[in-house]
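I sat down with this structure today and kept a few notes as I went. Here they are for a colleague at the bench.

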Amino acid sequence: MQYVTLNNGLTMPQLGFGVWQVPDDEAYASVKTAIEVGYRSIDTARIYNNEEGTGRAIADSGVAREDIFLTTKLWNDDQGYDKALAAFDASLKRLGTDYVDLYLIHWPTPAHDTYVDTWKALERILAEGRAKAIGVSNFTPTTLERLLGEAEVTPAINQIELHPYFSQGRMRALNAEKGLLTEAWSPLGQGKGLLEDPALVEIGAAHGKSAAQVVLRWHLQLGNVVIPKSVTPARIRENFEVFDFELSAEEMERVASLDGDGRIGPDPDEFN
Ligand code: NAD
């Protein structure tokens, strides 16, 4: 495993495991498998409705809580100072833990204009030691610059949609300039057409690796934190086996050349 260091000195595994669209009981099984395979970072959210299964899997895993890096996120209708504090308490209760490693604002929802107040609540949660780091997700240049102008604590991470068909060069550069790590969601482009891309398949064949492993390796070499999802044990394992090969500069360029307007999710400046 490789680790990255957040702007507050905390370290986190560069490769983690995501559980979006996984029902609670299946999340329990998947997270247990992931921890057995060796993952030590798990990404959930209130809106995924699987914080309970995720928390139980961690508790039952046999790995100490302090050896797992646990992320959850605050949903849009919990934005605002008081609501955010209550939402955090409820997430902790469902997760069955007394702290999270990283707490994120899930979307800026700019039309509601509540993310600055929400951030103040996250700063308080951080000061209380109940989150070891706080960050944001789906923040754009507009929303991130505004937040930084008002924040006392710079977010540790901006978790954004990022894969070879939508590689977010501008946002990655801005995150880096401001001291935030970039975390890639849907890092495999949700598995759809991306993993059949002939260039990725060909690069993989040269290394005895799959297209999914090539994509994850590309993320790691770019410096992204990455949280692929699978509920299939063989794929959970496959996605973890990405530390025993390296892409050449030429191969990195070839993957980068696939970049385009391949956004899958909503535009965060429009999503409320
Ligand atoms: P992903 O890019 O990780 O793709 C997952 C899908 O790819 C799987 O369902 C499966 O169909 C396929 N797949 C996985 N491994 C494979 C393999 N080895 N070979 C072939 N196919 C494979 O998509 P995701 O779940 O959208 O994103 C990952 C995580 O990011 C989520 O689980 C969640 O934790 C996080 N996320 C966050 C946000 C946000 O708004 N912050 C949004 C979406 C996802």
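The entries below go from the whole chain to the core, one pair of strands, a single arginine and the ligand.

**Entry 1: the whole chain.** I first reminded myself that this is a predicted model. I then counted the secondary structure and got 10 helices and 10 strands. The radius of gyration came out at 18 Å, close to the 19 Å that the globule rule gives for 272 residues, so the chain is as compact as a globular protein of that length. Along the principal axes, the C-alpha atoms fill a box of roughly 55 × 40 × 30 Å. I also looked up burial, and 47% of the 272 residues count as buried. For contacts between residues at least 6 apart in sequence, I found that 73% join residues at least 24 apart.

**Entry 2: the core.** Nonpolar side chains tend to be buried together in soluble globular proteins, and I wanted to see the core here. Which residues touch the most other members of the largest nonpolar core? My list reads V31, L102, Y103, L122, A156 and V215, out of 70 residues in that core. Helix 8 (residues 211-222) gives the most to this core, with seven residues.

I picked L122 from the list for a second look. Beyond its neighbours within four places in sequence, L122 is in contact with A84, Y103, I105 and I134.

**Entry 3: a pair of strands.** Two of those contacts led me on to the strands. Strand 6 (residues 100-105) and strand 7 run parallel, and five bridges join them. Within this pairing, I found Y103 opposite I134 in strand 7. Is strand 7 mostly covered or mostly open? It spans residues 131-137, and six of its seven residues are buried, so I noted it as mostly covered.

**Entry 4: one arginine.** I next looked for R235 and found it in helix 9 (residues 233-238). Is R235 buried or partly exposed? I counted 16 C-beta neighbours inside 10 Å, and because burial takes 20 or more, R235 counts as partly exposed. I also checked R235 against A212, which is 23 residues away along the chain; their C-alpha atoms are separated by 9.2 Å.

**Entry 5: the ligand.** My last stop was the shell around the ligand. How many residues surround the ligand? I got 25, and the closest are G18, W20, L188, G191 and K229. Sorted by type, the shell divides into nine nonpolar, 12 polar and four charged residues.

Definitions and conventions. Residues numbered from 1 in each chain as written. Predicted model: local features only at pLDDT ≥ 70, side-chain atom pairs only at ≥ 80, totals over all residues. Near = placed C-beta within 6 Å. Nonpolar A, V, L, I, M, F, W, Y, C, P; charged D, E, K, R; others polar. Helix = DSSP H or I, 4+ residues; strand = E, 2+ residues; numbered from the N terminus. Rg over C-alpha atoms; globule rule 2.2 N^0.38 Å. Buried ≥ 20, exposed ≤ 12 C-beta atoms within 10 Å, placed from the backbone. Contact = placed C-beta atoms within 7 Å. Core = buried A, V, L, I, M, F, W, Y, C linked by C-beta atoms within 7 Å. Pairing = 2+ DSSP bridges.
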